[in-house]
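Open the model in your viewer and switch to a cartoon view with residue labels available. The stops below are meant to be selected in turn.

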Amino acid sequence: MLDKEALLKVTYGMYIVSSMKGQRMNGLVINTANQVTSKPACVSICINRENLTHEYIRDSGVFSISILKQETPLKFIGRWGFRSGRDIDKFEGTSYKTGKSGAPIVLDNALGYLDLKLLDHLSVGTHTIFVGEIMESEMMEDTAPLTYSYYRNIRGGRSSRYAPTYEE
Ligand SMILES: Cc1cc2nc3c(=O)[nH]c(=O)nc-3n(C[C@H](O)[C@H](O)[C@H](O)COP(=O)(O)O)c2cc1C
């Protein structure tokens, strides 16, 4: 038996993952970042194959993770989590910088970030788990991070069918 109530008790944060392809930049909302080792410090993310950012990470071998603040507007999540870079330029009007790895790092609504170089990947059906080694990280503001539970239960935010944790 699969008790979905148990799955809903698993905790997550909310992040913007960004990457690039040539001169083009793109990014998306994820709730699936986890630190997997400390020496070296590595983090995994789980990305749906259909998302444009998937192609960018595979192509460039670099990505960044911006840690979102609790008060991040739902409109911002809507732009990065429900629209595709195939249809809009998400970086237009966005404050960002370039990391040591070369990956773009979104600064809007971020309390800090991790800049990573792709180390390995594992194909898991609809998604790919990418593992990156942290090149650089910085906390810019000591404030509360946005959790998936806060986003859904307190803010009334919706999930996406591309999120691994999606429920019909
Ligand atoms: C709350 C939330 C969590 C999400 N988590 C993930 C995730 O962990 N992995 C993923 O691939 N997509 C996730 N998504 C979906 C992507 O953000 C979405 O499909 C995005 O539009 C893809 O953009 P792209 O095609 O420009 O890469 C999530 C979306 C939301 C709103």
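Start with Lys 117 and Glu 133: in this predicted model, Lys 117 stands opposite Glu 133 in β9. Now select the other partner of this stop, Val 62, which stands opposite Lys 117 in β8.

Next, widen the selection to whole strands. Select residues 110-124 for β8 and 62-68 for β5; these two pair in the antiparallel sense over seven bridges. Then add β9, residues 127-139. β8 and β9 run antiparallel and are joined by twelve bridges.

What lies between β8 and β9 in their hairpin? Two residues do, and Gly 125 in the turn has a positive phi of about 60°.

Now show the whole sheet. It is open and has seven strands, in the order β2-β1-β5-β8-β9-β4-β3, with antiparallel pairing. Select residues 24-30 and 34-38 to find the edges: β2 and β3 each have a single partner strand, so one side of each is left without a neighbour in the sheet. Follow the strands across and the twist averages 35° from one to the next. With side chains switched on, keep in mind that in a regular strand they alternate between the two faces of the sheet.

Finish with two helices. Select residues 52-60 for α2, which lies across β1, β2, β4, β5, β8 and β9. Helix α2 runs at about 55° to β1, residues 15-21. Then select residues 74-81 for α3, which lies across β1 and β2. Helix α3 runs at about 120° to β2.

How values were computed
Residues are numbered from 1 along each chain as its sequence is written. This is a predicted model: local features need pLDDT of at least 70, side-chain atom pairs count only at pLDDT 80 or more; totals for chains, interfaces and linings use all residues. Two strands pair if DSSP finds at least two bridges between them. Helices (H or I, at least four residues) and strands (E, at least two) are DSSP runs, numbered from the N terminus. Axes are lines fitted to C-alpha atoms, for helices over the stretch in contact, and angles run from 0 to 180 degrees between N-to-C directions. Two residues are in contact if their C-beta atoms, placed from the backbone, lie within 7 Å.
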